[in-house]
Amino acid sequence: MSESSDGAKPCVLLIDPIPSWIVDRARDLFDLIVLPHEDERPAEFLDNVDRILGIAMPGFARVNAAMMALMPNLQIAACFGVGYDGIDVSYAKQHGIAVSNTPEVLTDCVADLGMALTLATLRKVVEGDRYVRAGRWRSEGILDLSHSPRGRCLGIVGLGRIGMELAKRAEAFGMTIAYYNRSERDDVPYPYHASAVALAEACDVLALTCPGGAATLNLINAEVLEALGPKGYLINIARGSVVDEAALVQALSAQSIAGAGLDVFADEPMVPEALFAFENVVLQPHQASATVETRTAMGNLTIDNLLAHFQGRLLPNKVA
Ligand code: NAP
């Protein structure tokens, strides 16, 4: 079905990690080259750069201009994920390379993890687990009291698809909502704040659901964390690049914020070791969309975009 006019399957470079059953489906449809990581350059890749017409890649994989320039016949980069901050979109545009992503299908799962991190952090769920396993309940008595989300304000940086679903979940737990976007929405009842600092001052839990990339690099800096204050919590399910991690470690050390729940980091999988020491920090290995159901839907949508391109149809999710 995806054969070109000469009957050959289009050659696609697939950058891991993408679930094995999606790789198997892609292998049926395309002449597939699998790259274990975007920084690797095995002979199978270098010997075939001229044949590669498409890339299937996690949206955060660093596919820069130099890498795309290696593949002179590249036509499409299909991102596995809604974020596509890893790819140099302006190079792709300049060279007529289409870029697609996988919006919507992951929104619920990512919002679920945002709520799970909010609850885990405020209610000391992971700290409590460590406390029981270490025998401290028996030897030291009850864990210090935690905090209820009820009545607290959740400030959302990036009130888009995921932010809206997180807001719904937080409201079900009795939280009020406020937000900061670059532009105010006219279709939501929530108070708008014109900067991340103003939102941090106004809320108790600051949740990040905006895109990564240059526009949001270190948006959450020392000033924002200071505005969040000693009773405030930071939840990041956006991208690690959105947070100045050194400033975060400093704020946690100085107890000038109350805690953090983090799914994403600036240099994954390298997590700043200083974070390991804080009982009031919950860490996740960038797994907000990582359910079998959602990753399957994301993988199928990535393939649908590649197929649409090679069959000359409009891409379902073209971003560039
Ligand atoms: P979306 O619907 O496009 O929402 C993005 C929101 O961010 C919009 O409300 C947008 O409003 C705001 N925004 C964009 N640029 C901004 C900026 N420079 N400063 C402040 N706000 C900005 O996207 P989505 O589907 O909700 O996904 C959001 C992000 O979540 C993705 O880009 C991805 O990085 C992240 N994500 C993470 C995981 C994970 O595994 N942890 C999984 C999926 C997605 P304005 O345009 O008005 O500013």
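These questions and answers cover the ligand shell, the salt bridges and a surface patch of a predicted model.

Trainee: Which residues come nearest to the ligand?
Mentor: The ligand has 27 residues around it. Of these, the nearest are Arg161, Ile162, Arg182, Ser183 and Asp263.

Trainee: How do the residues of the shell around the ligand divide into nonpolar, polar and charged?
Mentor: Charged residues number 4 in this shell. Polar ones number 10. The nonpolar count is 13.

Trainee: Which residue has a polar side-chain atom 3.1 Å from an oxygen atom of the ligand?
Mentor: Backbone atoms make some of the contacts to ligand oxygen. A backbone N or O atom of Gly160 lies 3.2 Å from one, and a backbone N or O atom of Arg161 lies 2.9 Å from one. The side-chain contact at 3.1 Å belongs to His286.

Trainee: How much of the ligand's accessible area does the protein cover?
Mentor: On its own, the ligand has 920 Å² of accessible area. The share covered by the protein is 86%.

Trainee: How many residues apart are Asp31 and Arg51?
Mentor: Their side chains meet in a salt bridge, 2.6 Å from N to O. Asp31 sits in strand S2, and Arg51 in the loop between helix H2 and strand S3. The pair links distant parts of the chain, with a separation of 20 residues.

Trainee: Is Arg169 buried or exposed?
Mentor: Arg169 pairs with Asp108 in a salt bridge, with the closest N and O atoms 2.9 Å apart. Asp108 lies in helix H5 and Arg169 in helix H8, so the bridge ties together parts 61 residues apart in sequence. Asp108 has a relative accessible area of 42% and is partly exposed. Arg169 has 17%, under the 20% cut-off, so Arg169 is buried.

Trainee: Which residue forms a salt bridge with Arg130?
Mentor: The closest N and O atoms of the pair are 2.8 Å apart. Arg130 lies in helix H6, and the partner lies in the loop between strand S10 and strand S11, so parts 149 residues apart in sequence are tied together. The partner is Glu279.

Trainee: Why does Ile142 count as exposed?
Mentor: Ile142 is in the loop between helix H7 and strand S6. With Val132, Trp137 and Leu145, Ile142 forms a nonpolar surface patch of about 520 Å² accessible area together. Exposed means over 50%, so Ile142 qualifies with a relative accessibility of 67%.

Terms used
Residues numbered from 1 in each chain as written. Predicted model: local features only at pLDDT ≥ 70, side-chain atom pairs only at ≥ 80, totals over all residues. Heavy atoms only, no water. Patch = residues over 30% accessible without salt bridge, like charges linked within 9 Å, V, L, I, M, F, W, Y side chains within 5 Å. Areas by Shrake-Rupley, 256 points an atom, 1.4 Å probe, with all protein chains shown as cover. Salt bridge = Lys/Arg side-chain N within 4 Å of Asp/Glu carboxyl O. Helix = DSSP H or I, 4+ residues; strand = E, 2+ residues; numbered from the N terminus. Buried < 20%, exposed > 50% of the residue type's maximum accessible area, 1.4 Å probe, protein only. Near = heavy atom within 4 Å. Polar contact = N/O pair within 3.5 Å; in protein donor to acceptor, adjacent residues only side chain to side chain. Nonpolar A, V, L, I, M, F, W, Y, C, P; charged D, E, K, R; others polar.
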